[in-house]
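Work through the exercises below with the sequence and model open. Try each task before reading its solution.

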Amino acid sequence: MATSNYLNKNDWSSILYLIRKQELAKTKLNKSGVEIRKIPNSFLFKCGIACSKWLNDDELLFGTDAGSLVLSKSYCDSVGNFKLEEKMSRCEHDGLVNCLDATFGSRTAITGSSDSIIKIWDLNECMSIQTFKAHDFGVRSIRLSPDQSAVFISTAEVSVIALRS
């Protein structure tokens with residue numbers, strides 16, 4: 001998975017690229033050692049994708065410049081092309097979602113935003129379940145505990161680290 005953002009007049013847009021492992025094995029390099037080819041599975045979004053993460057083998061989470069958390073399911077159609085189906089889109093931040101995390105296979109996610117807010121999400125219910133005003137500045141990085149306990153760590157502009165349970 002890779003994303004590319006660009007400014008189109010006054011709005012940000014993003015392109016998401018999904019590449020299968022089998023396609024990577026078929027890569028060919030030119031004389032300079034640079035691969036040049038078209039990526040067949042791309043999706044255009046009418047917002048900027050600020051962060052993304054695989055939730056499991058077929059679900060992706062995106063944080064957007066509009067303050068949304070988006071959950072999408074990927075699948076292959078009958079001719080083998082990737083498709084995305086949006087399962088959830090919730091705009092609950094008042095700023096860019098700078099970071100997100102989820103333990104692979106978990107149904108809990110966490111987001112941090114430029115509005116200084118951290119949200120914990122229940123992805124089964126498609127809603128935020130807890131909100132923290134953890135920093136005076138935008139949240140730059142956030143990570144859940146790998147053992148799926150209710151502990152997370154976050155950082156902000158002035159290198160403040162908050163450990164919450």
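**Exercise 1. Give the strand order of the open sheet and find its edges.**

Step 1. Four strands form the open sheet, in the order 4-5-6-7, with antiparallel pairing. Strands are DSSP runs of E, at least two residues long, numbered from the N terminus. Two strands pair if DSSP finds at least two bridges between them.

Step 2. Strand 4 (49–54) and strand 7 (82–91) each have a single partner strand, so they stand at the edges with one side lacking a neighbour in the sheet. From one strand to the next, the twist averages 25 degrees, taken between N-to-C directions of lines fitted to C-alpha atoms, on a scale from 0 to 180 degrees.

The model is predicted: local features need pLDDT of at least 70, side-chain atom pairs count only at pLDDT 80 or more, and totals for chains, interfaces and linings use all residues. Residues are numbered from 1 along each chain as its sequence is written, and side-chain values use heavy atoms, leaving out hydrogens and water.

**Exercise 2. Describe the pairing of strands 5 and 6.**

Step 1. Strand 5 (residues 59–64) runs antiparallel to strand 6 (residues 68–76), over five bridges.

Step 2. Leu61 stands opposite Leu71 of strand 6.

**Exercise 3. Locate the largest nonpolar core and its main supplier.**

Step 1. This core has 13 residues; Leu61, Leu69 and Trp121 are among those with the most contacts inside it. A nonpolar core joins buried Ala, Val, Leu, Ile, Met, Phe, Trp, Tyr and Cys residues through side-chain atoms within 4.5 Å; buried means under 20% relative accessible area (1.4 Å probe, protein chains only).

Step 2. Strand 8 gives the most to this core, three residues.

How values were computed
Buried < 20%, exposed > 50% of the residue type's maximum accessible area, 1.4 Å probe, protein only.
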